[in-house]
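Reader: Hello! Could you take me closely through one part of this model, and then show me how that part sits in the rest of the chain? I would enjoy a connected account.

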Amino acid sequence: MQHDNLFGSTREYAQTIGDQNAIVFLPDGPGSAVRTELSYAGLDLRSRRLASWLQEHRTAGDRVLLLYPPGAAFVTAFFGCLYAGMIPVPAPLPAGDGKGKVDRLRTIVNAAGCSVLFTDHANLADLQEQLAELIDNDILCAATDADDLGDADSWREPVIRPETLALLQFTSGSTSEPRGVMVSHGSLWHNLGLIKQTFGLPTGAKVASWLPHYHDMGLIGGSLSSIFLGGTLSLMSPMSFLRDPYRWLDLIDSEGIDISPAPNFAYDLCVRRIKPAQVEQLDLSRWRHALNGAEPVDPATLKRFELHFAAAGLKPETIRPCYGMAEVGLLVTGTDENRRPKPVRVDAADIERRRFTPTDDLAAGRELISSGPVPTGFDLRIVDPDSRTPLEDGRIGEIWLAGPSVALGYWGKPDESAAVFDAYTSDDEGPYLRTGDLGVCHDGDLYITGRIKELIIVNGRNIYPQDLERRLGLLHPALAEGASAAFGVPGDGAERIIVVQEIRTAGAAAPTELQQLADLVKSELSAYAGSPVANVCFVKRGGVLRTTSGKVRRTSMRELFVTDGLQPHFEDLEPSIKKLHRATKPLEALAGAGV
C-alpha cells in the first residue's frame, strides 16, 4: 500500500478489508447504550456521506468543530472532515463540567473560527443554545446521526498534499491556555509511521482506548493509529474506566488487545482499585504494549503495576514509558519491545544544578525512568534555555526537536509560532521546536526531568514539583489517593513552596487531626526537599485541576491560590503568605509588602 496520508490508506482499506470491524464501542454498563460495531466499508460510506454534505455547504480548508460523547460517531465525523478536505477541530463537550469546559470551548471556537458544528441529536439543541451565547458569528450545526445527512454518490475526492492541514489539535493547556496545533497530513502520516516503527506494531493490530477522543493520546495514539494499521479499535468511555478500572483490563483480555495507551495515573488507579481476586480472573499475557505517557512517568508506578498484575501473566517488558506532545502529532520516542524500561538513580542535588549524575546512594538519589532511546525520527538537541547553547550528554536542558513530524505552528498565533517552532541555537542551527520540557540524554536514552515553567526556584535551587507530589502521596494513607499540586509563589522576599492536596471531606477528620497531618507534610517535605515547605492546603476531591489527559494544571492551581479561589477545606499558611495572598485587599497588601 503506497500512500502518504491517512485519507488514502483508509479508502484502500474500505476496498481490501471492508468487512473487518474498524471500530467497536462498548457501553458503560447494562442499559447505558448499545454495543456499536462499524466496519471499514461502513466507515468509508458514512465518511463520504458527511463529506458530501460539508462540500455542499462549506469550502475546503474550513474548520469543523467536533463535539461528541465517547463512541464511533466522533471517528466517523473526523473522517468525514478529511474526506471533505476540511479541518476537524476536536473538543470536549461542555455539558456536565461547569465553567471550565465552557471557557475552553469559547477559546477553541473563537481561535479556530469554526463555521460548522458536528455533534449528535442528543446534544444538538443544547450546543446550539450554548454556542449562540459564546460566539458572535453564525455556525452551521448538524447532527451526524441523522439518516438523511449527505449523499455518498455526490461526494468529490479532495486534493490533499503533505502540507495540507489534517486537523487542529488543541493542546491540553497544563501551563497555558489551549492553542491550536496545525497538524498537516504529512506530519500526521510521519508520526503514525513512527509509532508503528518504534513499537514494532503489526498491520491489523488490535487497539483499545478509554482516553478522551479529543486529546492527542486518545485521538492519534488510539483511534488514528488503529485505522492507520488497518486494525480494530475497541473503545470505552473515560467515565467507564474511572468508575471501574477493571473494565479496561478485562477488555484487553477479552479482545486480545495488542496495544493500549494510558497516562501514569491510570496504572496507579488500577493497582489501588483492582483486588487480587480480580487479578486472578485476568489473562494479560497477550498484551504487548502498555504505553505510559502524557504526564511524567513514575518509576515506582511501573514497579507496582508489574508486581500487582504478574499473576495475570503481565510481562515486565509490556510496560513502555514514552514521551511526546501535540506539537509533533503525538510521539517523540518510546521504549521498544525488545527491552525493559531503564531506571537510573541520580544525585538529587546535581539535578537541581541541571547535571545528571548516576549514584548508588539511596538517600541522596532520585530515580528516573528512560522514555526510550534518543529518537531516530527527529534531530534532537538538549539546549540551555537561556543561552540557547547546545549541551553535551549528561547535562539537563530544554529538549529541542526538528523533523517531519513537527507541526506547522499554532493557528492564528504567528508570533508564538515563531518563538516555539522557529528556534535557533547560539551557533545558528535550526529551525527547532522548543518543547518547554527539561531532559537529558544518557547512554543513548532520553530522560525527562520536568517542565521549565513549573520549576520552583528557591534560593537559586531548582525544585521539581512532581518530586514533592510523589513524596506527598507516600506520607500517610489519607494522602495516598487524592491528587496534589506543588508550586511556588512570591513571599517574604523569596519564592515560597505551596502544596495542595485532595482529601475526602465526607466524614472528614477534626481540625486538630488535619493540623497534625499538615505538620507531618511540612516536616517531611521540608526534609525531603532541603528547603522550607511551610504552606499546606487541603481541598475536597476534584479540587486539584487536571488537563483532559490527566496532567496536574499547576499553573492554574497557582492562580487559584494567589486569587484566593481554592476554597480549601483546611489550610496552614505562613504569616507572610497570608498577608500577601489572603488579605481582604490583595493589591494593597502587595503594595505594603513592597512587591
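Author: Happy to! In this predicted model, strand 18 (residues 397-402) and strand 19 (residues 433-442) run antiparallel and are joined by four bridges. If you would like one pair to click on, take glutamate 398, whose bridge partner in strand 19 is leucine 438.

Now let us widen the view to the sheet. Strands 18 and 19 belong to an open sheet of six strands, in the order 15-16-20-19-18-17, with antiparallel pairing. Reading along that order, strand 19 lies between strand 20 and strand 18. The edges are taken by strand 15 (343-347) and strand 17 (379-383). Each of these two has a single partner strand, so one of its sides has no neighbour in the sheet. From one strand to the next, the twist averages 50°.

The loops on either side of strand 19 are worth a look at the backbone torsions. Between helix 14 (414-421) and strand 19 there is a loop that holds proline 431. The peptide bond leading from glycine 430 to proline 431 is cis, and its omega is near 0°. Another loop connects strand 19 with strand 20 (445-451), and aspartate 443 is found there. Aspartate 443 has a positive phi, near 50°, although the residue is not a glycine.

Next, the domains. The domain assignment divides the protein chain into domain 1 (6-321), domain 2 (344-454) and domain 3 (456-581). Taken over C-alpha atoms, the centres of domain 1 and domain 2 are 29 Å apart. Their contact involves 25 residues of domain 1 and 21 residues of domain 2. Together the two domains bury about 2,000 Å² between them, with 60% of that area on carbon and sulfur atoms.

Let me finish with a helix pair elsewhere in the chain. Helix 1 (residues 6-16) packs with helix 7 (residues 216-228) at an angle of about 55°, and their axes are 9 Å apart. That angle makes helix 1 oblique to helix 7. On the helix 1 side, the contact is made by Leu6, Thr10 and Tyr13, while helix 7 brings Leu224, Ile227 and Phe228. By type, the residues of this contact are five nonpolar and one polar, with no charged residue among them.

Note on methods: Residues numbered from 1 in each chain as written. Predicted model: local features only at pLDDT ≥ 70, side-chain atom pairs only at ≥ 80, totals over all residues. Heavy atoms only, no water. Axes fitted to C-alpha atoms, helices over the stretch in contact; angles between N-to-C directions. Parallel < 35°, antiparallel > 145°, perpendicular 65-115°, else oblique. Contact = heavy atoms within 4.5 Å. Nonpolar A, V, L, I, M, F, W, Y, C, P; charged D, E, K, R; others polar. Pairing = 2+ DSSP bridges. Domains from an automatic or database assignment. Buried area = accessible area lost by both parts, 1.4 Å probe.
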